[in-house]
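User: Please take a close look at one part of this structure and explain how it is set into its surroundings. I should like a connected account, with the cut-offs behind each term.

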Amino acid sequence: MNSPAPNSARTAVPRSEAAGDRFWARLGVQSRSFRALVFNYLLIDLRAQTYAQATNSKPGDAIPPLYWVVSQFLALSLLLCAVLTARVPAEFLAATHLLVTAVMVFSAVLVEFHEALFSVEDFRVLGHRPVTDRTWAFARLTNLGVYIGLVTLSLTIFPTIVGASQPDAAWSWGVLYPVASLSVAMVATAVALLVARTAGTPLEGLRRIASWVQIIGILVLFYGGQLMLRKGSGELEMLASRPPTWFGVLPTTWLGGGVARGASTHVIIAALFALVLSAMVVLRLAASWRGVAHVVTIPRRVEYAPLRIAHSLSESLRLGLIGDRTSRTLAALTSRVFARDGDLRTRVYATLALPVAGAVLGVLTDQYAAPGTGTLGQQVPSFAVPMLFAVAVVQGLIPLLSSRDHAAAWRLHATWGPEARRGVVSYLLFRVYLPIWGLHALLVAGLWGDALAAVEYAFVGWGMVLVTAHLAARRLLSAPILCRSPRLGSGAVVHPVTLLISSMVATAIGALWSAVSLMPGGGWLLGVTLFVGGHIVARMR
Amino acid sequence: MHELPAIVVSGLSVAYGDTEVVHGVDFSIGWGEICGYLGPNGAGKSTTLRAMVGVQPVRFGEIRISGCCPFTEAVAARQQFGFVPDTGGLFSLLTPSEHLAFVADLHELPREVAASRIEQAVGRFGISDFLNRRVDSLSTGQRQRVALACGLLHEPRVWILDEPMSGLDIDGVMTLRSLLREHADRGGTVLYSSHLLDVVERLCDRTLILAAGRVVADAPVADLLSLASDRRLETICHELTRPELGTDRSPSF
């Protein structure tokens with residue numbers, strides 16, 4: 001039997017491209033496929049895939065990850081410059097900026113740009129196409145390289161300009177610092193790639209750790225920086241003149257010293273090391289790309305124990321959830337989703353960043369006094385922290401609108417109502433946020449040395465949280481949770497508006513609290529009122 | 001013209017972790033044949049097809065497509081076949097038009113040939129109405145049309161299709177059926193998995209039935225039909241793939 005004519009056209013390449021093609025061919029890369037891959041990868045990434053997946057928001061509504069990360073890092077380096085410039089020696093300035101660059105690039109590679117390396121979708125779509133492993137690897141690494149370049153630029157531009165104006169900086173700072181920064185970023189990327197390569201399937205856990213490193217690092221820099229600016233009592237200068245021992249032995253400190261003194265040898269050594277290490281990692285990854293991609297992206301078979309729903313009062317108490325059967329079922333379902341979905345946990349816990357930072361700042365600036373004591377200025381954090389906590393709980397509700405376990409959503413459509421909504425909110429309130437609020441109350445009791453004042457404070461604050469959260473839930477959780485992607489349509493402004501309303505409610509309660517805190521028993525009365533109000537709002541249809 | 005069969009699979013075993021899901025599968029398919037690949041859910045059909053195209057690592061066995069091994073001669077083998085996976089195999093954020101151009105580049109089709117083939121595929125698979133819409137906004141059937149257009153754009157000689165008719169409307173199924181027949185008439189080979197047994201009955205020259213990771217039947221459709229009292233493929237399939245037969249099976253045909 002005759003077969004159809006073989007596909008005759010693996011064709012001639014235009015002459016203009018021939019020289020480039022020969023270069024790629026020597027590296028074992030198919031030039032046309034490489035160009036097509038890089039172009040389409042960038043196109044996909046600019047269409048906000050990663051951010052949309054990570055936040056379960058619609059791609060059109062989301063900020064592409066690149067813009068998000070770049071603007072975040074620009075702000076970060078600007079703040080660091082504002083804090084350090086003219087207060088610390090140029091060596092300390094360079095070393096700190098280089099260290100921040102290393103940590104941020106490392107975590108960014110593992111967290112934000114993970115999908116630029118090993119994507120499940122990538123393997124499913126391209127795994128059977130006639131693309132060599134090396135072509136695929138080089139395209140993915142080029143894709144990553146573009147991002148790292150932009151991220152490094154965003155972390156480098158301000159320290160380069162600002163550092164050059166430091167009186168004790170060498171004249172060559174403007175040239176040496178960008179080279180040093182790029183070298184540090186390349187080494188951080190290479191190490192992150194090696195970690196990803198070695199970790200294989202447990203990469204999810206590493207990504208989570210890296211994302212926490214990033215969150216905490218940004219918080220420390222943002223709020224620590226503000227604190228340094230506010231205190232201005234010479235502590236920063238002291239720290240810079242006598243840095244901790246661990247800081248002194250870091251390669252970034254050695255390199256920063258070189259940059260500040262104009263010792264180009266340090267920078268050249270660093271640049272050469274970065275180039276050699278990067279080339280080794282790239283070639284090593286390219287040699288086994290398909291194998292690595294397969295290991296990293298292969299779906300794991302996971303089996304779960306049956307869902308636990310509290311049937312008796314004692315079991316309800318043990319699980320910390322009381323209510324009718326529908327709310328208990330939904331609480332159990334939410335608990336299961338929460339346990340399975342690490343991204344969801346990260347997003348929910350990340351909402352605590354602001355109240356925690358507020359409390360820490362208040363304590364460090366000696367402005368965290370019990371309501372009704374001290375000056376009004378001293379009481380600001382004590383009213384602000386519960387308000388921020390209440391808004392954080394509302395923010396914590398938003399990620400619950402959708403989940404990886406969206407396939408279960410259809411089951412909820414039939415039963416959705418106030419009881420179901422109450423179950424979801426109850427889980428979040430009592431199992432996630434209440435223990436943290438309780439811990440906060442214990443710390444406050446120790447700080448104030450007045451247990452009763454701390455209990456009253458925690459009681460009223462929790463009442464504020466209840467009212468705010470249940471009000472917000474009425475607006476946010478009008479449809480079942482666990483949708484794959486919330487179809488908000490014209491209601492795309494629901495989240496910001498709900499957050500705004502919640503902030504206004506919390507502020508109003510905070511103002512009322514401030515007013516009644518001077519009355520004897522006023523706080524307790526307000527607390528009881530808020531608890532009753534929260535109970536009523538939760539049961540309203 | 002060709003001495004080697006279009007597809008040769010010999011002693012193929014595939015495992016997920018420690019669990020072997022495909023046990024020593026053997027078959028070969030000649031040029032000009034349309035072979036239906038049947039079996040219950042979880043029998044190992046998609047796993048076998050993915051292994052054949054080099055996406056799923058194999059534990060043991062040998063695979064040759066048009067004489068090439070998809071693992072050791074990956075690029076050459078992948079030029080020989082067109083594969084449409086059951087999951088669609090499309091980037092959700094690209095448009096059909098971008099996908100077609102992308103695939104043409106990956107297969108290194110000359111620009112003018114690529115342009116004419118894309119135009120042809122757009123017309124043949126009826127995707128002109130949603131050519132510039134992103135894949136994540138398309139219906140299942142529309143995605144399947146795009147996947148087929150992308151899978152077959154480079155005009156391969158061997159078509160390996162995993163449930164190609166799922167989600168397609170009547171018009172789409174009829175078009176695909178006629179395309180499969182035309183391809184086989186021109187000497188091409190088609191291996192496709194399906195649960196639409198009536199289509200398999202009318203279209204295929206031969207049927208492979210897989211159960212619990214083993215081939216339990218490999219015979220021309222007419223021969224299989226003659227074994228059933230009601231001359232229906234679903235009766236035969238049901239009989240051969242009953243779970244109570246257990247995993248220790250040997251080919252019945």
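Analyst:
**Ile7(B) and the strands around it**

Beyond its neighbours within four places in sequence, Ile7(B) is in contact with Phe27(B), Ser28(B), Ile29(B), Met52(B), Arg64(B), Val158(B), Thr189(B) and Leu191(B); contact means heavy atoms within 4.5 Å. This is a predicted model, in which local features need pLDDT of at least 70 and side-chain atom pairs count only at pLDDT 80 or more, whereas totals for chains, interfaces and linings use all residues; side-chain values use heavy atoms, with hydrogens and water left out. Residues are numbered from 1 along each chain as its sequence is written, and chains are lettered from A, and ligands numbered from 1, in the order in which they are written.

Several of these names recur in the largest nonpolar core, which has 106 residues: Leu126(A), Trp173(A), Ile7(B), Phe27(B), Met52(B), Ile160(B) and Leu191(B) touch the most other members. Helix H5 (residues 90-110) of chain A contributes the largest share of this core, 13 residues. Separate from it is a second core of 56 residues, which includes Val348(A), Leu429(A), Tyr457(A) and Ala473(A). A nonpolar core is a set of buried Ala, Val, Leu, Ile, Met, Phe, Trp, Tyr and Cys residues joined through side-chain atoms within 4.5 Å. Buried means under 20% relative accessible area, exposed over 50%, and partly exposed in between (1.4 Å probe, protein chains only). In soluble globular proteins, nonpolar side chains tend to be buried together.

Ile7(B) belongs to strand S1 (residues 7-16) of chain B, which pairs with strand S2 (residues 19-29) of chain B in the antiparallel sense over seven bridges. Helices (H or I, at least four residues) and strands (E, at least two) are DSSP runs numbered from the N terminus, and two strands pair if DSSP finds at least two bridges between them. Val14(B) has Val22(B) as its bridge partner in S2(B). The two strands form a hairpin with two residues between them, and Gly17(B) in the turn has a positive phi of about 65 degrees.

Thr189(B) and Leu191(B), two of the contacts of Ile7(B), lead to strand S7(B). Five of the five residues of S7 (residues 189-193) of chain B are buried, so this strand is largely enclosed by the rest of the structure. In a regular strand the side chains alternate between the two faces of the sheet. Here both faces are covered: Thr189(B), Leu191(B) and Ser193(B) are buried on one side, and Val190(B) and Tyr192(B) on the other.

S7(B) has partners on either hand. Strand S3 (residues 34-38) of chain B runs parallel to S7(B) and is joined to it by four bridges; there Tyr37(B) has Ser193(B) as its bridge partner. Strand S6 (residues 158-162) of chain B also pairs with S7(B) in the parallel sense, over five bridges, with Asp162(B) opposite Ser193(B). Together with helix H6 (residues 170-185) of chain B, S6(B) and S7(B) make a right-handed β-α-β unit; right-handed means that, with the strands pointing away from the viewer, the path from the first strand over the helix to the second runs clockwise.

The wider setting is an open sheet of six strands in chain B, in the order S5-S6-S7-S3-S8-S9, with mixed pairing. Strand S5 (81-84) and strand S9 (214-220) of chain B stand at the edges with a single partner strand each, so one side of each has no neighbour in the sheet. From one strand to the next the twist averages 15 degrees. S5(B) pairs with S6(B) in the parallel sense over four bridges, and Phe83(B) stands opposite Ile160(B) in S6(B). Helix H1 (residues 45-52) of chain B packs on the sheet, touching S3, S5, S6, S7 and strand S8 (206-211) of chain B, and its direction makes about 145 degrees with that of S6(B). Such axes are lines fitted to C-alpha atoms, for helices over the stretch in contact, and angles run from 0 to 180 degrees between N-to-C directions. Helix H5 (residues 140-152) of chain B lies across S5 and S6 of chain B, at about 165 degrees to S5(B).

As for confidence, pLDDT is the predictor's confidence in each residue, from 0 to 100. Chain B has a mean pLDDT of 87, and 94% of its residues reach 70 or more. For chain A the mean is 77, and 75% of residues reach 70 or more. In chain A, pLDDT stays under 50 over residues 1-13 and over residues 49-63. Where pLDDT is low, the predicted coordinates should not be read in detail.
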